[in-house]
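Work through the following exercises with the sequence and the structure open beside you, and try each task before you read its solution.

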Amino acid sequence: MRALRIHGYGGPEVMRLEDVPAPSSGPGQLRVKVKAASVNPIDWKMRRGMLASIFPLSFPRTLGRDCAGEANGALIAGVADPRTDGTHAEYALLPPAATAPVPAGLDAAAAASLCVAGLSAWIPLAEVAQLQPGMCVLIHGGAGGVGSLAIQIARELGAKVVTTSTQADYCRSLGAERVIDYRVENFADAGPFDVILDTLGGEAHVRSLQALKPGGVLVALSATPVPPHTVPNGVRIEKPQVQATRERLGRIFDWAVSGRLRPQVLQRFPLEKAQDAYAAAEAAHGRGKIVLQIS
């Protein structure tokens, strides 16, 4: 089978499309014939070694974290164990508990696009922050793969949605009430906020803490390292584990089929163009999701 592999940490130059034996499933593994897999920030961050302290890799390693494909005669989608080979290949092994059936009305590319990105939006907003109608939420990076889903989820949960982005029309089409161009505006001026979803890290993380209401929560995903800082009294920081479960994926897929959540697959690449897909994923000011069409 063909697989996108690396033999060491580095930039795009370390990626190779290689012919390797298809994997055989062992205990607690489901073999999937991959039809589509998305490209997520975690993929190029793992390739670069940026997450080596959390997910140290052994080499060679197949890249990719999520996919949709055929298993036991059915279309399923899910997330691979980050300690094992990934999904940017013609076959992948997934933990069954981290998969869910893909319902009618959702194709493989859309389902794949909703796994890591959908979970990264759903868990912080619906489960950790427990968004309620009338709350005000700030979503950093609203045009990106996670942000474009987070805006929709927050809107459906009844929150007032503010986002940072240079792509105002796109974010408004997803449900944002206000879009802040961070190049010329201070997002804190639009606050204070009940909830902030931090997809950026760095200085934005520190500044976000000052924009929370008393009792507010900042939910932070793995991103740029945060400089030393003091957490203001009366607010809290949550760093959730983004864990795939059948129930979570099933709920996200149901929202998509019902029209409450629109998948944002805006770029598709064949596996042999994976270098181009990664270049697009690593570029600034991305929009929506990037998917590899594999079979």
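**Exercise 1. Charge and overall form**

Task: Describe how many positive and negative side chains the protein has, and where the centres of the two sets lie.

Solution: The model is a predicted one, and in it the protein carries 30 positive and 26 negative side chains. The centres of these two sets lie 1 Å apart.

Task: Decide whether the radius of gyration agrees with that of a compact globule.

Solution: Begin with the chain length, which is 295 residues, and for which a compact globule would have a radius of gyration near 19 Å. Next take the value for the protein, which is 19 Å, so the two agree. The outline can be added to this picture, since the C-alpha atoms fill a box of roughly 55 × 40 × 35 Å along the principal axes. Turning to the interior, buried residues make up 52% of the 295 residues, where buried means a relative accessible area under 20%. Finally, consider the contacts between residues at least 6 apart in sequence, of which 62% join residues at least 24 apart.

**Exercise 2. An open sheet**

Task: The protein has 8 helices and 16 strands; work out in which order S2, S1 and S4 are arranged, and which strands stand at the edges.

Solution: The three strands form an open sheet in the order S2-S1-S4, with antiparallel pairing. Strand S2 (15–19) and strand S4 (61–62) each have a single partner strand, so they stand at the edges, and one side of each is left without a neighbour in the sheet. To look at one pairing in detail, take strand S1, residues 2–6, which pairs with S4 in the antiparallel sense over 2 bridges. Within this pairing, Arg5 has Thr62 of S4 as its bridge partner. As general background, strands of a sheet pair through backbone hydrogen bonds, either parallel or antiparallel.

**Exercise 3. Two helices and their surroundings**

Task: Find which residues of helix H1 are buried, and what they pack against.

Solution: Helix H1 covers residues 41–48, and its buried residues are Asp43, Trp44, Lys45, Met46 and Arg47. These buried residues pack against S1, S2, strand S3 (30–39) and helix H8 (274–282). Just after H1 comes Gly49, which takes a positive phi of about 85°.

Task: Explain why helix H6 can be called largely enclosed by the rest of the structure.

Solution: Count the buried residues of H6 (residues 202–209), which are 6 of the 8, so the helix is largely enclosed by the rest of the structure. The buried ones are Gly202, Ala204, His205, Val206, Ser208 and Leu209. They pack against four strands, namely S9 (136–140), S12 (193–198), S13 (212–220) and S14 (236–238).

**Exercise 4. Leu197 and a parallel pair**

Task: Determine whether Leu197 is buried or exposed, and which residues it touches.

Solution: Leu197 is placed in strand S12, and its relative accessible area is 0%, which makes it buried. Leaving aside residues up to four places away in sequence, Leu197 touches Pro124, Leu125, Leu138, Ile139, His140, Ala150, Val219 and Leu221.

Task: State in which sense S9 and S10 pair, and over how many bridges.

Solution: S9 and S10 pair in the parallel sense over 5 bridges, and one of the positions to look at is Val137, which stands opposite Val161 in S10. Strand S10 (residues 160–164) has 4 of its 5 residues buried, so it is largely enclosed by the rest of the structure.

**Exercise 5. Backbone exceptions**

Task: Identify the peptide bonds to Pro60 and Pro192 as cis or trans, and say what the phi values of Gln130 and His285 are.

Solution: Start from the general expectation that most residues other than glycine have a negative phi, and that most peptide bonds are trans. The bond from Phe59 to Pro60 is cis, with omega near -5°, and Pro60 is located in the loop between H1 and S4. The bond from Gly191 to Pro192 is also cis, with omega near 5°, and Pro192 lies in the loop between strand S11 (178–180) and S12. For Gln130, phi is near 50°, which is positive in a residue other than glycine, and Gln130 belongs to the loop between helix H3 (116–128) and S9. For His285, phi is near 60°, again a positive value in a residue other than glycine. His285 sits in the loop between H8 and strand S16 (289–293), and with a relative accessible area of 49% His285 is partly exposed.

Key. Residues are numbered from 1 along each chain as its sequence is written. This is a predicted model: local features need pLDDT of at least 70, side-chain atom pairs count only at pLDDT 80 or more; totals for chains, interfaces and linings use all residues. Side-chain values use heavy atoms; hydrogens and water are left out. The radius of gyration is taken over C-alpha atoms; the globule rule is 2.2 Å times the number of residues to the power 0.38. Buried means under 20% relative accessible area, exposed over 50%, partly exposed in between (1.4 Å probe, protein chains only). Contact means heavy atoms within 4.5 Å. Lys and Arg count as positive and Asp and Glu as negative; His and the chain ends are not counted. The place of a charge is taken as NZ of Lys, CZ of Arg, CG of Asp or CD of Glu. Two strands pair if DSSP finds at least two bridges between them.
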